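User: I am new to this structure and should like to understand how its parts meet. Please explain the reasoning behind each term as well.

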Amino acid sequence: MIRNSRFRVLVTACAAALVLGACSGTGTGPPTGGPEPTGDPVAGGTARVLQITEPRNLDPATMGNSWAVNAFLGNALYGTLMTDDPRTGAVRYKMAESFTTDDGGATFELRLRPGLAFSDGSPLDAAAVKFNWDRTKDPATGSTSVNEASMIASSETVDATTLKITMVSPIPSYAQAVLSTTMNWIASPASLRKGAKTFDAAPVGAGPFTLEKWTRQNTIDLVRNPRYWDAPKPYLDRITLRTSADSVQRVNSMISGGADVAIDTNWRTLAKARDAGFLTDTVPLNGGQYLALNARRAPFRDVRARRAVAAALDLRALDIAVYNGRGKTARTLFTESSPFYSAEPLTKTDKETAQRLFDELAAEGEPVSFTFKAFASPEAKTTAESVQAQLSAFRNVDVEIDTVDSSEIAALYTRNDFDMLISSALFVDPEPRLWSVFHGDSRLNRSGVDDERLNAALDAGRTETDPEKRAAAYGTVQRRMADLVPAIFVGRSAPSAVAAPNVHGVQQYGQGSLLPEELWIQK
Amino acid sequence: MVFPVARRIGRSALVVLLVTMAVVALLSLAPGSVASVILGENATPESVAALNARLGLDQPLWSQYLDWLARAVRGDLGSSPLTGQSVSAAIAERLPVTLQLAVMALVMALIVSVLLAVVSAVRPGSPADRGINAVSSVFLSVPAFIAGPLLVYFLALQLGWFPVMGWSPIGEGVGANLRSALLPATAIALTEIASFHRLLRTDLIGTLGEDFVGAARAKGMSRSYVMFRHALRPSSFSLITLAGINLGRLIGGTVIVESLFSLPGLGQLLASSITARDVIMVQGVVAFIAVLYVGVNTLVDLSYRLIDPRIRKAASV
């Protein structure tokens with residue numbers, strides 16, 4: 001009864017907001033490809049969900065809060081402090097009641113909802129958040145979010161529900177960094193202190209589900225957490241998670257009735273799922289996948305080599321090769337829905353210019369010859385092969401492909417030992433991701449391009465609070481990137497969920513982070 | 001009797017030792033390290049070096065190997081630095097899946113191949129024999145990574161009889177377990193059927209040409225009685241040898257099928273551990289598979305004495 005009235009309130013609020021053209025009731029807009037949900041959420045049932053990657057352990061700090069990694073599982077076990085509307089970036093508070101700054105992002109105050117409890121009944125308080133964020137910041141933890149956590153200089157608990165944090169440097173939009181990383185997940189400190197083995201057997205969080213059983217490389221069985229703070233959610237009684245890294249296998253499993261929801265990342269299989277009558281929901285993230293050109297060494301030390309390759313590549317042909325033409329090319333840094341959108345493309349195909357530059361460099365004794373380090377996924381390999389095939393049509397350019405497996409990726413990044421590789425910069429708000437990826441002072445700057453004007457514009461975009469001045473700063477960023485070509489953006493990513501027609505409540509936030517507590521199955 | 005058996009076991013132990021040494025040497029040549037995998041792409045060279053030192057991976061290769069060997073002979077295969085799971089527990093968790101797949105595939109292959117070989121051998125060169133040979137050639141030339149997706153397409157996607165992926169343990173019901181195991185087991189069995197059929201057919205044709213078979217027929221025994229009572233048994237030595245070798249191979253060699261169907265077996269464990277450069281897990285799993293492989297082969301060798309009285313007699317002379 002309570003659930004029904006809550007839902008009606010939500011529906012009424014959304015309807016009103018839609019009239020105003022600003023409904024934020026569903027994170028990513030209504031899913032497409034299937035019938036609209038009808039009726040109130042139904043409690044009960046088991047959802048069979050397919051994820052892309054199995055975690056190596058259940059430590060929230062070492063999992064990853066994006067669709068391609070363990071976002072769904074992390075949200076299920078640990079809940080969320082905050083989420084956002086991935087279309088507008090507007091923050092929504094969940095276990096956190098507020099996350100505010102009154103000094104332009106130099107310090108923040110995190111306030112938790114009173115009475116939050118972990119699944120074992122112990123309190124989820126500010127001290128627990130501090131413990132988790134300090135662990136994430138510690139390099140020895142090996143967290144995927146160590147860079148975002150390291151933006152905090154110090155933190156102190158003010159009272160049971162309030163944590164005050166002081167930043168290394170002001171970042172007004174730091175909430176985005178928290179919600180789009182594993183900092184959004186808080187586990188019981190007492191449970192974490194018991195060690196990895198004990199924790200993996202019985203992780204204690206405050207999420208909508210708890211772990212029943214984990215059979216590695218097979219199933220992760222989750223059951224409803226009766227202590228979940230946002231009752232009557234979750235609607236489902238149980239979730240069975242299976243892992244498949246193959247997008248074709250995931251969608252085939254859906255088609256054969258073997259799964260109710262699949263996390264997906266491939267434009268081609270998403271189209272296949274839609275054609276088969278499934279609902280698909282894709283987060284419209286800015287940025288995308290890019291070819292990082294290592295400017296620390298030849299041939300891409302010379303900006304003309306970078307410009308030549310950018311001018312030589314036909315992104316549409318690349319999309320046809322990788323996604324059968326069903327993908328979305330990334331001609332601009334921001335999508336049209338972003339307040340920072342500019343129609344000026346980052347790269348333009350101009351084969352004559354490309355050949356002239358290749359010839360010019362060869363005449364100077366520095367022909368463009370490089371190795372594309374391709375990761376082992378089918379998409380990455382096809383991208384590399386397509387780049388190689390396109391460039392083979394030009395004189396004085398030579399491309400070799402070296403396929404590397406996942407254990408080599410970290411070492412490649414650490415040593416910057418590559419000429420060209422695929423990376424990604426995905427974001428709703430450009431902060432902090434864009435700064436991390438393209439600022440000269442950032443360790444995550446794959447290309448190594450260190451340009452004074454680009455750095456200044458990224459700094460301004462980070463610290464400026466006036467929307468117009470921020471937009472102007474990111475305008476400069478786009479122009480400098482088009483000129484310097486530290487990267488060639490090849491396509492938008494597809495952080496997506498595919499749902500059977502009887503599954504409703506598909507909501508994603510951040511970088512394609514699906515919320516399990518919202519899912520329900522029509523009986 | 002005791003000496004040959006002891007010599008056989010000694011040789012087997014040497015094989016296991018050499019296999020584990022080769023694995024360590026090969027993995028040391030591969031780029032990347034488990035420390036890099038654990039610390040991820042945000043790691044600094046210093047933090048990777050510190051973790052390598054903590055895991056003992058900065059020690060000389062021979063020292064790491066001897067440490068592992070000293071623990072392994074006491075039954076401690078160590079724990080994965082990546083997952084924290086003990087290697088023995090991981091093997092115990094995965095072995096039933098791989099063993100069931102291998103045994104199911106082998107049993108399916110033996111039943112089908114014996115029937116086909118008998119039909120073929122009764123009238124060599126007949127249309128039935130030629131037809132079976134043609135099918136056998138197809139099975140032999142279609143690897144599991146082609147057969148698997150084809151089986152999935154027709155039997156799972158089009159007909160919906162089987163799941164596309166995943167494993168249901170026997171504890172969740174025999175029916176569900178068999179449904180999840182049948183397609184991958186069939187994908188494995190196809191090649192085995194072809195090789196078993198060809199081998200047994202040749203041996204059977206040879207045996208059916210022997211004088212004692214002719215004598216049995218002359219005594220008025222029926223064709224089927226002679227086939228199953230007199231010809232099949234002496235013709236099955238090569239088949240038993242091959243089946244034994246293949247069972248050992250299948251226990252460690254179902255990687256592709258386990259990956260195709262997302263099955264939590266030893267093959268998947270080994271493949272993912274190699275990719276993650278989890279040397280401890282790889283060494284443990286390989287040592288286990290090697291022990292199993294040479295163990296099965298030793299048993300097969302020793303079983304000849306039970307099956308063939310001539311070998312028993314030769315050994316006792």
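Analyst: The following exchange concerns a predicted model and takes up two interfaces in turn.

User: What makes chain A a chain of two domains?

Analyst: The division rests on a domain assignment, which gives domain 1 as 2–282 + 495–521 and domain 2 as 286–491. The centres of domain 1 of chain A and domain 2 of chain A, taken over C-alpha atoms, are separated by 30 Å.

User: How do you know that domain 1 of chain A and domain 2 of chain A are in contact?

Analyst: Contact requires heavy atoms within 4.5 Å. By that criterion, 24 residues of domain 1 of chain A meet 22 residues of domain 2 of chain A. The two domains of chain A bury about 1,800 Å² between them, with 58% of this on carbon and sulfur atoms. On the side of domain 1 of chain A, the residues that lose the most area to domain 2 are Asn147(A), Trp267(A) and Arg268(A), which together account for 31% of what that side buries.

User: Why is no salt bridge listed between domain 1 of chain A and domain 2 of chain A?

Analyst: A salt bridge needs a side-chain nitrogen of Lys or Arg within 4 Å of a carboxyl oxygen of Asp or Glu. The count of such bridges between domain 1 of chain A and domain 2 of chain A is zero; therefore none is listed. Polar contacts follow another rule, with N or O atoms within 3.5 Å, and four residue pairs across this interface satisfy it.

User: Which helix gives the largest share of the side of domain 1 of chain A that touches domain 2 of chain A?

Analyst: Helix 9 of chain A does, with four residues. By class, this side of domain 1 of chain A has nine nonpolar, nine polar and six charged residues.

User: How many residues of chain B and chain A are in contact?

Analyst: In chain B, 40 residues are in contact with 36 residues of chain A. The area buried between chain B and chain A is about 2,900 Å², and carbon and sulfur atoms give 49% of it. Glu41(B), Asn42(B) and Met165(B) supply 23% of the area that chain B buries against chain A, more than any other three residues.

User: What polar contacts and salt bridges does the interface of chain B and chain A hold?

Analyst: Zero salt bridges are found across the interface of chain B and chain A, whereas eight residue pairs there are in polar contact. Among the elements that give two or more residues to this side of chain B are helix 5 (87–122) and helix 13 (266–275) of chain B. By class, the side of chain B that touches chain A comprises 19 nonpolar, 17 polar and four charged residues.

Definitions and conventions. Residues are numbered from 1 along each chain as its sequence is written. Chains are lettered from A and ligands numbered from 1 in the order in which they are written. This is a predicted model: local features need pLDDT of at least 70, side-chain atom pairs count only at pLDDT 80 or more; totals for chains, interfaces and linings use all residues. Side-chain values use heavy atoms; hydrogens and water are left out. Domain bounds come from an automatic or database domain assignment. Buried area is the accessible area (1.4 Å probe) that two parts lose on being put together, summed over both. A polar contact is a pair of N or O atoms within 3.5 Å; within protein, one must be able to donate a hydrogen and the other to accept it, and residues adjacent in sequence count only if both atoms are side-chain atoms. Ala, Val, Leu, Ile, Met, Phe, Trp, Tyr, Cys and Pro count as nonpolar, Asp, Glu, Lys and Arg as charged, and the others, Gly among them, as polar.
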